[in-house]
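Thanks for sharing this one. Here are a few notes to read alongside the model.

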Amino acid sequence: PRHAPPRATEGGRPSSDRRRRRRGLQRLPWSSRRRGQDLKTLARRFWKVAAPYWWSEDKAQARLQLAGVFALTLATTGISVGFNFLGRDFYNALADKDQEQFTKQLLYYLGGFAVGVPFFVLRDYARETLSLRWRSWMTSYYMKRYFKNRTFYKIQSQSLIDNPDQRINDDLSAFTGTALAFSLTLLNAVVDLVSFSNILYGIYPPLFVVLIVYSLGGTAISVFLGKSLVNLNFMQEKKEADFRYGLVRVRENAESIAFYGGEENELQLLLDRFRRAYQNLSELLIASRNLEFFTNGYRYLIQILPAAVVAPMFFAGKIEFGVINQSVSAFNHILSDFSLIVFQFQSISAFSAVIDRLGEFDDLLGENGSSLSPRRDSIDGINISFKSGSPSVLSSNGSQMQSEPGIVLEICDLTLLTPRGGNILITDFNMELKDKDHLLVMGPSGCGKTSLLRALAGLWTSGTGDIIYHARDSRQLQTATLGSNEPSNIKPEGEELLQSSKQRRDNGIFFVPQRPYMVLGTLRQQLLYPTWTANIHQSPTNDAQSKAPLSFLSEVSTSDGVGAKPEMPSTDELIRVLEVVRLGYILPRFNGMDSVHDWASVLSLGEQQRLAFARLLLAKPTLVLLDESTSALDDTNEVHLYSQIEAAGITYISVGHRKTLHRFHNKVLYISKSDSATGSLRNWELKPTDQKSIEESSPFAS
């Protein structure tokens, strides 16, 4: 028996369980009370997951291959019928002690093996090949939906479901392989019933009645004994996932655990998680054992049951000995068809858990997006839009003339709430940011500084107000077509609406977090991320991509907006920007641009932050949002990096705590913790940095 593959992260819940969804990682109480899905829901989810591929752009090839698999399946059934008659004549010759006929039938048997075996092998190969193609398409299909409109972020931030990564990897693999195998098994069963029922009924009609009664009774008993297996398989996936997720966490945070000396705590937590998996697996083994007691007896009894029924006819001389063998073969074929649930119950229960998980995931990714919307009692009304700015004034010789700074960013009547709790962070915030204006955001921890950046990036939309970006200089507004699954807060307030992270970058908005994200790949890919990601995968060095035989596995955009990108930097430009951010020494250290390492481990946090500034200088955005992006740097490097982005003409908004940051900004926004109960008082103050003793004069200074 096969159990469904384990999962690597926590929890799991149906999409309707809204309240528990808000509890973050505290999901064990829900999972222990999970209820199994009814057959109607499983059937609906199976069809919803399985159907899209057969009407996709690959449908012609898919249907052709499926027809080939069906044809081979029919051929193998015909071969099995032929072997049934060959077996009858073979054993008749043996019983009659007819050596000449026996030798003749033996040669027929060997010839049948030589002709028939390739059909069975080719059938299995064709099935596995189609299963792989189906899985490849579904993997591409689900990943596109997973990344579209930042769905991956919403799932994680709202704790909607457990480990989507494992659903895409393991569940899709299990689904396509098992669905195809079960479909062919059902087809084979129908053909077998038609082919062998005539044989068996022609031998002895009462034997056919015995078969029907035996199979129906066995099915009913199997369902009764194994009814708990579906839920136990589902729960085993989750508990194994919790344990594996804990091991992954130790690997990813090894240094922090070592600094804390937390080995004993981690060991205890991991053993506790394994104990839960052990307890559930023990229950699963007991349920499987009880079912096996019946199924093994059921399976072995059929070896003698047909012979026992037709033996009186043989003793009476009404049938030959070979007919007994033929009846046993036909009986076993038909009984296997009628007893699919008996023989495959554990596989079916594991497959049901896979359908349940994939159906839950598919419902979440559905076009209506209802599962991704915030709580009904929260306000989700922050509108984000882009507008065309006035083009720069050029002189007759083409050089840029000095002109009045234009507006880069407008924030109008912004009230920002936390997405799940609805706590007020910022009240009635208004601001205009012009070219060459550099804003520093300060305040106590937890006041909402980083949350403001999330709102500016379009990640948080809970609250009210308008955020308007002005595309300026050489950048032109990148247009997009609104999709049917666009978030409800996006309204036609400007010339273009924020739809994706890619569109935000195309319009010159860049974000640099405190701990930069290090992609899996080469140093070159680190520098080009995320602006030239698509071009990276089309590089000549990527052999896997160039050899990919399936068009739908090619990299495509996950957004509807298509904007022109800056020209990809050359290797010399990449080396030059590393020198600018004072990271030139890492090239010989890591053997050039195209070496692959775990960059988050081999680079210090300060080096990672400087590499993030290199990405920024290569992308040349209009506006950059810096979230304590120099916190791991010394004062000298901090001054150097800020001078570089200012010299590049980039407007920036920084979040930070250091007083040394004032010298790089001409405006300071102080935010205090809001009174969440009322939110009626303004909790922010915007000042120029050239005001004397600004820290002491501000009521918000810490």
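Which residue in β3 is the bridge partner of Leu416?

1. Let's begin with that question, keeping in mind that this is a predicted model. Leu416 has Ile426 as its bridge partner in β3. The two strands, β2 (residues 407-417) and β3 (residues 424-434), run antiparallel and are joined by seven bridges.

2. The connection is worth a look on your screen. β2 and β3 make a hairpin, with six residues lying between them. Within that turn, Gly422 adopts a positive phi of about 75°.

3. Now to the surroundings of β2. Of its 11 residues, eight are buried, so the rest of the structure largely encloses this strand.

4. Helix α16 (residues 449-456) invites a similar check. Six of its eight residues are buried, so α16 too is largely enclosed by the rest of the structure. The buried residues are Lys449, Ser451, Leu452, Leu453, Ala455 and Leu456; do note that a lysine is on that list. Just after the helix, Gly458 has a positive phi of about 85°.

5. Finally, the annotated spans. The unreviewed UniProt entry gives "transmembrane region" for residues 66-86, 106-126, 172-191 and 203-225. In the model, residues 106-126 are 100% helix and 0% strand, with 30 Å between the end C-alpha atoms. Residues 172-191 are likewise 100% helix and 0% strand, and their end C-alpha atoms are 29 Å apart.

Technical notes: Residues numbered from 1 in each chain as written. Predicted model: local features only at pLDDT ≥ 70, side-chain atom pairs only at ≥ 80, totals over all residues. Heavy atoms only, no water. UniProt positions renumbered as here; feature names shortened; annotations may be inferred. Helix = DSSP H or I, 4+ residues; strand = E, 2+ residues; numbered from the N terminus. Buried < 20%, exposed > 50% of the residue type's maximum accessible area, 1.4 Å probe, protein only. Pairing = 2+ DSSP bridges.
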